[in-house]
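Trainee: I have this model open beside its sequence, and I would love a close look at one part of it. Could you walk me through that part and then show me how it sits in the whole chain?

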Amino acid sequence: MTIFTNEYINIQIEKSEIPWLKIFTNDNYKELSQCPTNIKQDIFNTLDIIEKKMIAYYNPEKINIASFGNYLPHVHFHIMARFKEDSYFPEPMWGKKQRESDLYLPSFDIFCKELVNLLD
């Protein structure tokens, strides 16, 4: 589900037990180095805003930011708030599950609405 779009990028939700967003370029670039400078700047500014908002809102153990596209060769970044109690910590979310977890986190819907207000 897309929660924000501008001229260069869009932000999508990754369904997960943790707060997890993805930033995609609107145009299909395979590598970050192929993106024009203004798009790269928008990506990094948006990453910075999302990371700071996740830290302030969720107080996670760590923010993970990843960029890989082996299955989907389109420039995109994953931004995830990680918690010691999540099912996979300290492994990546696509790694080996470590435990069953019942995280009780503040509303993701409210987080997304507040984030979009920051980005507008």
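Mentor: Let's begin with Phe 89, which lies in the loop between β5 (76–82) and α2. Keep in mind as we go that this is a predicted model. Is Phe 89 buried or exposed? Its relative accessible area is 17%, and buried means under 20%, so Phe 89 counts as buried. As for its surroundings, set aside the neighbours within four places in sequence: Phe 89 is then in contact with Glu 61, Arg 82, Phe 83, Lys 84, Gln 98 and Arg 99. Glu 61 is a nice one to find on your screen, as it is 28 residues away from Phe 89 in sequence, while the two C-alpha atoms are 9.6 Å apart in space.

Now follow the chain from that loop into α2, which takes in residues 108–119. Just at its start, a side-chain oxygen of Ser 107 comes to within 3.3 Å of the backbone nitrogen of Asp 109. The helix itself has 12 residues and reaches 16 Å from its first C-alpha to its last, close to the 16 Å expected at 1.5 Å a residue.

Which residues of α2 are buried? They are Phe 111, Cys 112, Leu 115, Val 116 and Leu 119. These residues sit on the same side of α2, because they cover an arc of only 130 degrees around the axis. Turn the helix over, and the face directed away from that buried side shows you the exposed residues Asp 109, Lys 113 and Asn 117. And what covers the buried residues of α2? The cover includes three strands, β1 (2–5), β2 (9–13) and β3 (20–25), along with the helix α1 (37–58).

Let's step back to the whole protein chain. It has two helices and five strands, and from the N terminus on the order is β-β-β-α-β-β-α. Along its principal axes, the C-alpha trace spans about 40 × 30 × 20 Å. The radius of gyration of the chain is 14 Å, which agrees with the value near 14 Å for a compact globule of 120 residues. Of those 120 residues, 42% count as buried.

Contacts across the sequence are part of the picture too: among those between residues at least 6 apart, 50% join residues at least 24 apart. Finally, on the outside, the accessible surface comes to about 7,200 Å², and carbon and sulfur atoms account for 49% of it.

Key: Residues numbered from 1 in each chain as written. Predicted model: local features only at pLDDT ≥ 70, side-chain atom pairs only at ≥ 80, totals over all residues. Heavy atoms only, no water. Helix = DSSP H or I, 4+ residues; strand = E, 2+ residues; numbered from the N terminus. Expected span 1.5 Å × (residues − 1). Buried < 20%, exposed > 50% of the residue type's maximum accessible area, 1.4 Å probe, protein only. Arc of directions from axis to C-beta. Contact = heavy atoms within 4.5 Å. Polar contact = N/O pair within 3.5 Å; in protein donor to acceptor, adjacent residues only side chain to side chain. Rg over C-alpha atoms; globule rule 2.2 N^0.38 Å. Areas by Shrake-Rupley, 256 points an atom, 1.4 Å probe, with all protein chains shown as cover.
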